[in-house]
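Here's a quick tour for anyone meeting this structure for the first time. Have a look at the sequence and the model, then read on.

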Amino acid sequence: MFLKTCLLLLLCGVVALSAHDYEGYKIYDIKAGNSFKKELLLHIAKNTEYDFFNMPRALDAATRVMVQPKDQAGFELLLNGFALEYTVVEENLGSTLQKAQLENQSQRLVAQRNAVRSISFTAFHRHAEINAYLDELAKAYPSRVTVQVAGKSYEDRDLKTITISNGDGKSGKNVIFLDAGIHAREWIAPAGALYVIYQLVENFASNADLLKDYDWVILPVVNPDGYEHTHTSSRMWRKTRKPAGSSCYGTDANRNFDFHWGEVGASTYSCADTFRGTTAFSEPETQIVRDLMLSFSGRGKFYLTLHSYGNYLLYPWGWTSDLPSDWRAHDEVAQAGAAAIKESTGTKYTVGSSTNVLYAAAGGSDDYAFGVGKFPVSITMELPAGGSGFDPTTAQILPYVSETWTGIRAMAQKVIEKY
């Protein structure tokens with residue numbers, strides 16, 4: 001009761017973030033140091049609209065938070081009042097994002113002038129360019145690539161899937177289903193999905209073993225409305241864009257799946273970044289992912305969803321700290337990916353169940369894929385951080401996505417070996 005009273009007194013007046021240029025926004029890294037302070041941070045995250053980028057469970061891992069200018073004095077007062085050690089890692093996010101946007105626009109223009117395809121791995125591409133790339137591949141490799149419109153977003157954008165096979169004409173193969181971009185601001189995730197597509201299609205000779213008995217179905221951008229919004233209006237936007245009340249927009253699509261929906265780690269407040277939605281599957285985008293999962297009944301063996309950031313390979317459950325009875329299958333596949341990355345680049349990925357590595361959050365796509373979709377292996381891969389977290393430089397794209405592919409390839413090999 002004391003803790004709740006303190007929070008109410010110190011945090012009153014904090015309001016939801018709105019779309020803007022982030023001028024003067026600061027980003028803080030906060031070290032908890034003990035379990036009480038870690039729980040305090042969790043309470044702050046749940047009871048305010050400060051934008052918590054992450055919330056690692058490990059006591060020695062920093063929690064990163066974005067705070068708008070008018071709340072910074074009160075936020076620092078709160079941290080000092082509870083003796084929470086912090087470092088300001090970004091003094092003016094707006095300035096940094098503006099420079100990054102100009103660099104990305106420049107790199108996109110260079111790519112458009114020089115590339116045979118609509119995308120490159122030297123820039124972050126718009127949704128229309130990503131869809132154009134899929135169509136180009138279908139035209140160039142008609143025996144191995146099929147592109148379909150799985151459905152429409154709230155703002156009427158096409159959610160396209162690409163199905164990649166080895167062209168032998170055999171039907172009914174097992175399926176690896178990969179998606180990315182469920183959270184709008186995580187630009188490196190769709191880039192990672194595009195690199196997987198590139199490897200499987202345009203570098204087929206080196207990866208034919210992954211397609212002998214399996215088809216891959218990839219949805220590179222789950223949340224195109226939010227993704228486009230981050231390019232045009234608000235770089236740190238996370239949610240979908242369907243209105244969620246009289247004054248707020250969007251739902252956290254990764255809290256919107258109908259498996260223990262809304263039980264823990266999701267907000268009922270429509271302006272919150274972790275808003276669970278008015279109902280389970282309230283968003284057309286999550287309905288599309290659900291329908292794809294269920295269409296692979298009996299064939300879907302591996303569901304992989306790409307996010308950022310944090311260097312994590314996470315598996316069910318997200319709604320409880322309990323482990324599924326066959327958790328070792330998930331762990332074996334995830335460990336194979338982590339080991340391959342460590343050997344290749346030295347980057348360390350933390351492996352474990354979502355709740356035990358981070359904190360409980362119900363309604364995630366990975367839990368639904370395993371619990372309802374019956375994929376025997378379901379993993380969330382959190383790619384590395386860049387800049388303040390969600391804003392890698394254009395120079396970091398290729399190193400990050402090639403490293404990610406190393407892990408994905410190893411995990412796919414393990415799944416193919418097991419199933």
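A residue counts as buried under 20% relative accessible area, as exposed over 50%, and as partly exposed in between. Arg 290 has a relative accessible area of 23%, so it is partly exposed. Keep in mind that this is a predicted model. With that in hand, here are the ring pairs, the charges and one set of strands.

**Aromatic pairs**

- There are 20 aromatic pairs in the structure.
- One of them joins Trp 187 and Tyr 227, which meet edge-to-face with 6.3 Å from centre to centre and 65° between their planes.
- Trp 187 sits in the loop between β7 (174–180) and α6 (188–202), while Tyr 227 belongs to helix α8 (residues 224–232), so this pair ties together parts that are 40 residues apart in sequence.
- Trp 187 is buried, with 10% relative accessible area, and Tyr 227 is buried too, at 2%.
- Phe 257 and Phe 281 make another pair: their ring centres are 5.4 Å apart and their planes stand at 75°, so this one is edge-to-face.
- Both of these Phe residues lie in the loop between α8 and α9 (284–295), and the pair ties together parts 24 residues apart in sequence.
- Phe 257 and Phe 281 are both buried.
- Elsewhere, ring pairs link up Tyr 28, Tyr 50, Phe 75 and Tyr 86 as a cluster.

**Charges over rings**

- Two of the rings above also have an arginine for company.
- Arg 235 lies over the face of Trp 187, 3.6 Å from the ring centre.
- Over at Phe 281, the charged end of Arg 290 sits above the ring, at 4.7 Å from its centre.

**Salt bridges**

- Side chains of opposite charge can pair when their charged atoms come close.
- Here the count comes to 20 salt bridges.
- Arg 290 turns up again, bridging to Asp 291 with the closest N and O atoms 2.9 Å apart.
- Asp 291 is partly exposed, with a relative accessible area of 40%.
- Arg 157 and Glu 155 form a salt bridge as well, and their closest N and O atoms are 2.7 Å apart.
- Arg 157 is partly exposed at 26% relative accessible area, and Glu 155 is partly exposed at 37%.
- Glu 332 and Lys 414 meet through their side chains in a salt bridge of 3.7 Å, N to O.
- That pair links distant parts of the chain, with Glu 332 in helix α10 (residues 327–345) and Lys 414 in helix α13 (residues 394–418), 82 residues apart.
- Buried or partly exposed: which is Lys 414? At 18% relative accessibility, Lys 414 counts as buried, whereas Glu 332 is partly exposed at 33%.
- A network of salt bridges takes in Glu 332, Lys 414, Glu 417 and Lys 418.

**Strand β10 and its partners**

- In strand β10 (residues 312–315), Tyr 312 and Leu 314 point one way, Leu 313 and Tyr 315 point the other way, and all are buried.
- Strand β11 (residues 350–353) runs parallel to β10, and four bridges join them.
- Tyr 315 has Ser 353 as its bridge partner in β11.
- Helix α10, home of Glu 332, comes up again here: β10, α10 and β11 make a right-handed β-α-β unit.
- Strand β12 (residues 377–383) pairs with β10 in the antiparallel sense, over three bridges.
- Leu 313 stands opposite Met 381 in β12.

Technical notes:
Residues are numbered from 1 along each chain as its sequence is written. This is a predicted model: local features need pLDDT of at least 70, side-chain atom pairs count only at pLDDT 80 or more; totals for chains, interfaces and linings use all residues. Side-chain values use heavy atoms; hydrogens and water are left out. Rings of Phe, Tyr and Trp (its six-membered ring) pair if their centres lie within 6.5 Å; planes under 30 degrees apart count as stacked, over 60 as edge-to-face and the rest as tilted. Helices (H or I, at least four residues) and strands (E, at least two) are DSSP runs, numbered from the N terminus. Buried means under 20% relative accessible area, exposed over 50%, partly exposed in between (1.4 Å probe, protein chains only). A charge sits over a ring if NZ of Lys or CZ of Arg is within 6 Å of the ring centre and within 35 degrees of the ring normal. A salt bridge is a side-chain nitrogen of Lys or Arg within 4 Å of a carboxyl oxygen of Asp or Glu. Two strands pair if DSSP finds at least two bridges between them. A crossover is right-handed if, with the strands pointing away from the viewer, the path from the first strand over the helix to the second runs clockwise.
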